[in-house]
Amino acid sequence: MIRRIGGGLVAAALLAFVAGCASERSGTGPSAASCTANLDPGTFGSVIVAIQGFAFNPTPVHVAVGGKVTWVNCEPEGTPSHTTTSDNGVWGSSLVDPGASYTFTFPTAGTFSYHCEPHPSMTAQVVVQ
Ligand SMILES: [Cu+2]
């Protein structure tokens, strides 16, 4: 679903992260996260990944071929910025500041691993099917 909002406005969205791959969720991690961020209308219809606590949540996410993933940096103001960087060069954001986001459209099926450039221990996956 894509909604159009005129005039270059951004929409203030309350993001609740309860989707993802429930069957793959471990019992130890957080089951949900939430934050507020300003999202461009072009991000509507995306699968949302929160960047919070120096982790990508949830992971893995599943998206259809041609679908979009939007990463939202939900870290508090002043936290070092993060990137979302494909392990094999499929996509790569610049630094995403707290409160900002990055969107990528996945044209082909596959399992894509990615990481954060400044914090290589931050790793996650997108499954496109
Ligand atoms: Cu990072």
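Student: Let's start with one residue in this model. Is H82 buried or exposed?

Tutor: Keep in mind that the model is predicted. Buried means under 20% relative accessible area. H82 has a relative accessible area of 0%, so H82 is buried.

Student: What does H82 bind, and which other residues are donors there?

Tutor: To read a metal site, look for N, O and S atoms within 2.8 Å of the metal. Here the metal is a copper ion, and its protein donors are H82 through ND1, C116 through SG, H119 through ND1 and M122 through SD. They lie 1.9 to 2.7 Å from the copper ion.

Student: Where do those donors sit along the chain?

Tutor: Their spacing reads H-x33-C-x2-H-x2-M. Look at H82 and H119: they are 37 residues apart, and the pair links distant parts of the chain. H82 is in the loop between strand 6 and strand 7, while H119 is in the loop between strand 9 and strand 10.

Student: Are C116 and H119 buried or exposed?

Tutor: Use the cut-off from before. C116 is buried, at 0% relative accessibility. H119 has 17%, so H119 counts as buried too.

Student: Why is the arrangement around the copper ion called tetrahedral?

Tutor: Check the angles. Four donors count as tetrahedral if all angles lie between 85 and 135 degrees. The 4 donor atoms here subtend angles of 90 to 132 degrees, so the arrangement is tetrahedral.

Student: Now the nonpolar core. Which residues touch the most other members of the largest one?

Tutor: Think of a core as buried nonpolar residues joined through their side chains. The largest one has 19 residues, and those touching the most other members are F56, V69, W71, W91, F106, Y114 and V126. Strand 10 gives the most to this core, with 3 residues.

Student: What does W71 touch?

Tutor: Leaving out residues up to four places away in sequence, the contacts of W71 include V49, F56, W91, Y102, Y114 and V126. Y102 is also the bridge partner of W71 in strand 8. Strand 6 and strand 8 pair in the antiparallel sense, over 5 bridges. On strand 8, Y102 and F104 make up the covered face, and S101, T103 and T105 the uncovered one.

Student: And which residues does the disulfide join?

Tutor: For a disulfide, check the distance between two cysteine sulfur atoms. C35 is joined to C74, with 2.0 Å from S to S. C35 is in strand 2 and C74 in the loop between strand 6 and strand 7, 39 residues apart. C35 is buried at 11% relative accessible area, and C74 is buried at 10%.

Definitions and conventions. Residues are numbered from 1 along each chain as its sequence is written. This is a predicted model: local features need pLDDT of at least 70, side-chain atom pairs count only at pLDDT 80 or more; totals for chains, interfaces and linings use all residues. Side-chain values use heavy atoms; hydrogens and water are left out. A nonpolar core is a set of buried Ala, Val, Leu, Ile, Met, Phe, Trp, Tyr and Cys residues joined through side-chain atoms within 4.5 Å. Buried means under 20% relative accessible area, exposed over 50%, partly exposed in between (1.4 Å probe, protein chains only). Helices (H or I, at least four residues) and strands (E, at least two) are DSSP runs, numbered from the N terminus. Contact means heavy atoms within 4.5 Å. Donors are N, O and S atoms within 2.8 Å of the metal (3.2 Å for Na, K and Ca); water is not among the atoms, so sites may look incomplete. Four donors count as tetrahedral if all angles lie between 85 and 135 degrees; four count as square planar and six as octahedral if opposite donors are over 155 degrees apart and all others between 65 and 115; anything else is irregular. Two strands pair if DSSP finds at least two bridges between them. A disulfide is a pair of cysteine sulfur atoms within 2.5 Å.
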